[in-house]
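User: I would like to go through this model one helix at a time and then look at the overall fold. Please keep the answers short.

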Amino acid sequence: MINRTIKVFADFDGTITSEDVGEAIFKRFGRTERVNRIIEDLLSDKISSRQCWDELCSSVDIVSKNELDEFVDKIELDPAFKEFVKFCSVNQLELIILSDGFDYYIDRLFNKSGLTGLEYYSNKLFVDENGTLKAEYPYYDSDSPTSANCKKNHIINNSSDDDYTIYIGDGNSDKEAAQFCDFIFAKNGLLKFCSTEKISFYPFKNFSDVQNKLSELLNKKNLRKRHQAELKRKHAYRAE
Ligand SMILES: [Mg+2]
């Protein structure tokens with residue numbers, strides 16, 4: 001095998017799951033009209049991602065932990081994801097999940113699927129003693145309003161100039177981060193963004209598409225880094 005370090009960064013909501021779990025929770029437990037308006041405001045860049053989550057939390061009166069767990073347990077992961085995790089480990093690709101959603105359901109869904117020990121960074125969500133939903137943002141960076149968990153910083157902190165970086169994502173919170181990576185796998189909103197901005201990407205529907213393409217790439221003797229991503233990373237490394 002060719003000796004090179006490859007880091008794989010993957011979004012969670014809408015990428016590893018088919019639907020956005022965070023949004024689905026608030027659509028189920030929050031006041032519908034208000035929830036829809038808040039999400040619209042986010043998508044039209046009227047509010048930041050952090051504001052969006054805070055407002056969504058306040059749109060829920062009270063929630064019982066049991067009901068929340070029951071709701072989360074119905075959500076399915078991409079059936080090909082587990083195999084992809086194995087593929088990464090066999091090929092020594094470091095897989096890191098970057099989510100602008102919440103630890104609450106990521107832990108629960110990974111555990112349910114028998115996926116333990118996966119490295120991930122996300123926001124935090126908990127139900128307090130009054131039954132109120134509360135969010136915390138340990139990785140917030142005010143320079144990155146599109147994601148309450150600054151994904152770009154995790155990419156910079158977890159890779160070096162010599163590494164090849166892969167990004168897999170679908171939405172708003174991936175737009176900035178993906179630009180720092182050499183190979184982008186995109187669907188839905190991220191796909192539209194990359195097309196409009198003329199950023200090269202591979203379209204994908206599920207993790208078996210990603211795995212097939214990555215297998216091809218791994219067999220190549222020479223992998224080309226994306227020049228624009230190199231420039232962005234250099235700039236960020238220097239700013240640290
Ligand atoms: Mg997503």
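User: Which residues are buried in α2?

Analyst: The model is predicted. A residue counts as buried when 20 or more other C-beta atoms lie within 10 Å of its own. In α2 this holds for V35, I38 and L42.

User: Why are V35, I38 and L42 on the same side of α2?

Analyst: The directions from the helix axis to their C-beta atoms define an arc. V35, I38 and L42 share a side of α2 because the arc they cover around the axis is only 65°.

User: Which residues are exposed on the other side of α2?

Analyst: Exposed residues have 12 or fewer C-beta neighbours within 10 Å. On the side of α2 opposite the buried residues, those exposed are T32, E33 and E40.

User: What do the buried residues of α2 pack against?

Analyst: The buried residues in question are V35, I38 and L42. Their packing partners are two helices, α1 (21-29) and α3 (49-58).

User: How far does α2 reach from its first C-alpha to its last?

Analyst: Helix α2 covers residues 32-43, 12 residues in total. At 1.5 Å a residue, 16 Å is expected, and the value in the model is close to that. The reach is 17 Å.

User: Which residue just after α2 takes a positive phi?

Analyst: The helix α2 ends at residue 43. Just after α2, a positive phi of about 60° is taken by D45.

User: What is the radius of gyration of the protein?

Analyst: The protein has 11 helices and 7 strands. For 240 residues the globule rule gives 18 Å, and the protein is close to this, so it is as compact as a globular protein of that length. Its radius of gyration is 18 Å.

Terms used
Residues numbered from 1 in each chain as written. Predicted model: local features only at pLDDT ≥ 70, side-chain atom pairs only at ≥ 80, totals over all residues. Helix = DSSP H or I, 4+ residues; strand = E, 2+ residues; numbered from the N terminus. Rg over C-alpha atoms; globule rule 2.2 N^0.38 Å. Expected span 1.5 Å × (residues − 1). Contact = placed C-beta atoms within 7 Å.
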